[in-house]
Amino acid sequence: MCLCGFINFQIEYQLLLNLTLMDYFSEQKFTKLDTTKVPKADYDNCVFTECNFANQDLSDYKFSDCDFKDCDFSNVKINQTAFRNVVFKNCKLIGINFDDAHQFNISFRFEDCLMNHSSFYQLDIRKTMFKNCSLNETDFTEANLSNSVFTESNLTNAVFDRTILDNADFRNAIHFSINPNQNQLIKAKFSRDNLSGLLDGLNIIIE
C-alpha cells in the first residue's frame with residue numbers, strides 16, 4: 001500500500017472510531033471524503049479539502065473556525081447546522097438555503113465560490129466577504145449585509161429586497177440591480193462604472 005493510501009486508511013479508520021467514541025474533532029484535516037465518512041459532530045479548527053457533500057444532509061453538524069477548500073456542497077440540507085467563522089474557498093455552494101442554518105453567531109467568508117440559486121433570507125451576516133463569487137439569482141431578501149464586501153462578484157439577478165446594505169462595498173461588483181427605494185443603503189460604496197445597477201427600477205435609458 002502506498003503512503004498516501006495508508007494515510008487515507010488511517011483517517012477513515014480513525015473517523016469510524018470517533019463515530020462511536022466521540023462527537024468532537026479539533027485541528028484535523030480531511031481530504032476527499034464525503035458525509036458517509038464524516039460523522040455528525042462538532043468540528044473545531046478543522047480543514048476540509050476536496051470533500052464531496054453534494055445532495056447530502058449536514059443538518060445539526062457544527063463547524064467553528066473551519067476552512068473548506070475545493071469542496072462541493074451543492075443542494076445540501078443544513079437545518080440547524082452551525083457555521084461560526086467558517087471560510088469557503090473555491091467551493092461549489094449551489095442551491096443552499098443558508099437561512100436554514102443555526103443563526104447564533106453565524107459567520108463565514110466566501111472566496112472564488114459558485115453560489116448560484118442560494119438563499120440568505122433574513123440572515124444577519126454583517127461584515128461578510130464575498131470575493132470573486134458567482135451569486136446569480138441568490139436571494140438576500142431582508143438580510144442584514146451591513147459592512148459586507150462583494151469584491152469582483154457577479155450578482156446577476158440576485159434579489160435585494162428590504163435588505164440592509166449600510167456601508168456595504170459594491171465598488172468592484174458586477175451585474176447587480178438594487179432599488180434604493182426598497183433597500184437601506186446608508187454610506188454603501190459604489191463605483192462610477194456600476195452606478196447603473198441602482199437605476200434599473202427607474203425605467204430610464206443610460207447611454
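**Exercise 1. Which residue does Ser26 stand opposite in β3? Place the pair in its sheet.**

Before we start, keep in mind that this is a predicted model.

Step 1. Find the partner. Ser26 faces Asp44, which lies in β3.

Step 2. Look at the strands around that pair. β1 and β3 (residues 42-44) run parallel and are joined by three bridges.

Step 3. Zoom out to the sheet. Four strands form an open sheet in the order β1-β3-β5-β7, and the pairing is parallel. The edges belong to β1 (24-26) and β7 (82-84); each has a single partner strand, so one side of each lacks a neighbour in the sheet. From one strand to the next, the twist averages 10°.

**Exercise 2. Work out the strand order of the six-strand sheet, and then find the bridge partner of Asp67.**

Step 1. Write down the order. This open sheet reads β2-β4-β6-β8-β9-β10, again with parallel pairing.

Step 2. Check the ends. β2 (29-31) and β10 (129-131) are the edge strands, and each has a single partner strand, so one side of each is left open in the sheet. Ignoring direction, neighbouring strands here are turned by 10° against each other on average.

Step 3. Go inside the sheet. Strand β6 (residues 67-69) runs parallel to β8, and three bridges join the two. Within that pairing, Asp67 has Val87 of β8 as its bridge partner.

**Exercise 3. Describe the largest nonpolar core and the surroundings of Phe68.**

Step 1. Pick out the hubs. The core has 55 residues, and the members that touch the most others are Tyr43, Phe48, Phe68, Phe88, Phe110 and Phe170.

Step 2. Ask where the members come from. At least two residues are supplied by each of β8 (86-89) and β9 (108-111). Domain 1 (23-94 + 102-112) and domain 2 (115-206) each give at least three residues to this core.

Step 3. Take one hub, Phe68, and set aside its neighbours within four places in sequence. Its contacts are then Phe48, Phe53, Phe63, Phe73, Val86, Val87, Phe88, Lys89 and Cys91. Among them, Phe48 and Phe88 are listed with the hubs of the core.

**Exercise 4. Is Arg109 buried or partly exposed? Map its contacts too.**

Step 1. Locate the residue. Arg109 sits in strand β9.

Step 2. Read its accessibility. The relative value is 31%, and since the partly exposed class runs from 20% to 50%, Arg109 counts as partly exposed.

Step 3. List the contacts, leaving out neighbours within four places in sequence: Val86, Val87, Phe88 and Met129.

Step 4. Add a distance. Lys127 is 18 residues away from Arg109 in sequence, and their C-alpha atoms are 9.0 Å apart.

**Exercise 5. Sum up the protein as a whole, and decide where to be careful.**

Step 1. Count the elements. There are one helix and 10 strands, and from the N terminus they run α-β-β-β-β-β-β-β-β-β-β.

Step 2. Look at burial and contact range. Of the 207 residues, 43% are buried. Taking contacts between residues at least 6 apart in sequence, 3% join residues at least 24 apart.

Step 3. Check confidence. The mean pLDDT is 88, with 83% of residues at 70 or more. Residues 15-22 fall below 50, and this stretch has nine contacts in the model beyond near neighbours in sequence. Coordinates predicted with low pLDDT should not be read in detail.

Key. Residues numbered from 1 in each chain as written. Predicted model: local features only at pLDDT ≥ 70, side-chain atom pairs only at ≥ 80, totals over all residues. Heavy atoms only, no water. Core = buried A, V, L, I, M, F, W, Y, C linked by side-chain atoms within 4.5 Å. Buried < 20%, exposed > 50% of the residue type's maximum accessible area, 1.4 Å probe, protein only. Domains from an automatic or database assignment. Contact = heavy atoms within 4.5 Å. pLDDT = per-residue confidence, 0-100. Pairing = 2+ DSSP bridges. Axes fitted to C-alpha atoms, helices over the stretch in contact; angles between N-to-C directions.
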